[in-house]
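The following exercises ask the student to read a protein model step by step. Each task is followed by a worked solution.

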Amino acid sequence: VQLVESGGGSVQAVGSLRLSCAASERTFSTNDMGWFRQAPGKERAFVAAISWSGRITSYGDDVKGRFTISRDNVKNTVYLQMNSLKPEDTAIYYCAAGLGGGLSRSNYDYWGQGTQVIVSS
């Protein structure tokens, strides 16, 4: 499974961005999907996850209420809608796919190359 993120960029605080992650194979629909982020000097951290069916979602405490994860299994794409962005959301955002899903990086077998998000105050 090849994953390609897009939609990153620079935005001012309280603005919005929508990230997309396109998967190359039809097996996407059977994989849980997740978004993680890595800020300079920090470890890669969990942002959000969605089950293969789309019925179950989970969020990191830092983004709960501001970010929304969704997926389109026909288009083989997962999205991350980010609202009310803060400077501390600045990071490289990675999408990931795996049968395990959830909060742990080890549950994901496939990773994208990342897309940069910069939020200025």
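**Exercise 1: The largest pocket**

Task: Determine the volume of the largest pocket in this predicted model, and state which strand gives the most to its lining.

Solution. Begin with the volume: the largest pocket has about 210 Å³. Next, consider its walls. The lining consists of 15 residues, and R37, K42, A45, D62 and E88 are those that lie nearest the centre. Sorted by class, the lining contains six nonpolar, three polar and six charged residues. Finally, turn to the strands. Strand 4 (32–38) and strand 5 each supply at least two lining residues, and strand 5 gives the most, with three residues.

**Exercise 2: The position of F46**

Task: Decide whether F46 is buried or exposed, and list the residues that F46 touches beyond four places away in sequence.

Solution. First locate the residue: F46 belongs to strand 5 (residues 45–50). Then apply the cut-off: buried means under 20% relative accessible area. The relative accessibility of F46 is 16%, so F46 counts as buried. Its contacts beyond four places in sequence are W35, F36, S58, Y59, G60, G102 and L103.

**Exercise 3: An open sheet**

Task: Which strands stand at the edges of the open sheet formed by four strands?

Solution. Write down the strand order, 1-3-8-7, with antiparallel pairing. Strand 1 (3–6) and strand 7 (67–72) each have a single partner strand, so they stand at the edges, with one side of each lacking a neighbour in the sheet. From one strand to the next, the twist averages 15 degrees. Now examine one pair: strand 3 (residues 17–23) and strand 8 (residues 77–82) are joined by six bridges. Within this pair, L17 stands opposite M82 in strand 8.

Technical notes: Residues numbered from 1 in each chain as written. Predicted model: local features only at pLDDT ≥ 70, side-chain atom pairs only at ≥ 80, totals over all residues. Heavy atoms only, no water. Buried < 20%, exposed > 50% of the residue type's maximum accessible area, 1.4 Å probe, protein only. Contact = heavy atoms within 4.5 Å. 1 Å grid on protein atoms, 1.4 Å probe; cavity = no way out; pocket = protein on both sides within 12 Å on 5 of 7 lines; lining within 4 Å. Points joined across faces, edges and corners; volume = space filled by probe spheres on them. Nonpolar A, V, L, I, M, F, W, Y, C, P; charged D, E, K, R; others polar. Pairing = 2+ DSSP bridges. Axes fitted to C-alpha atoms, helices over the stretch in contact; angles between N-to-C directions.
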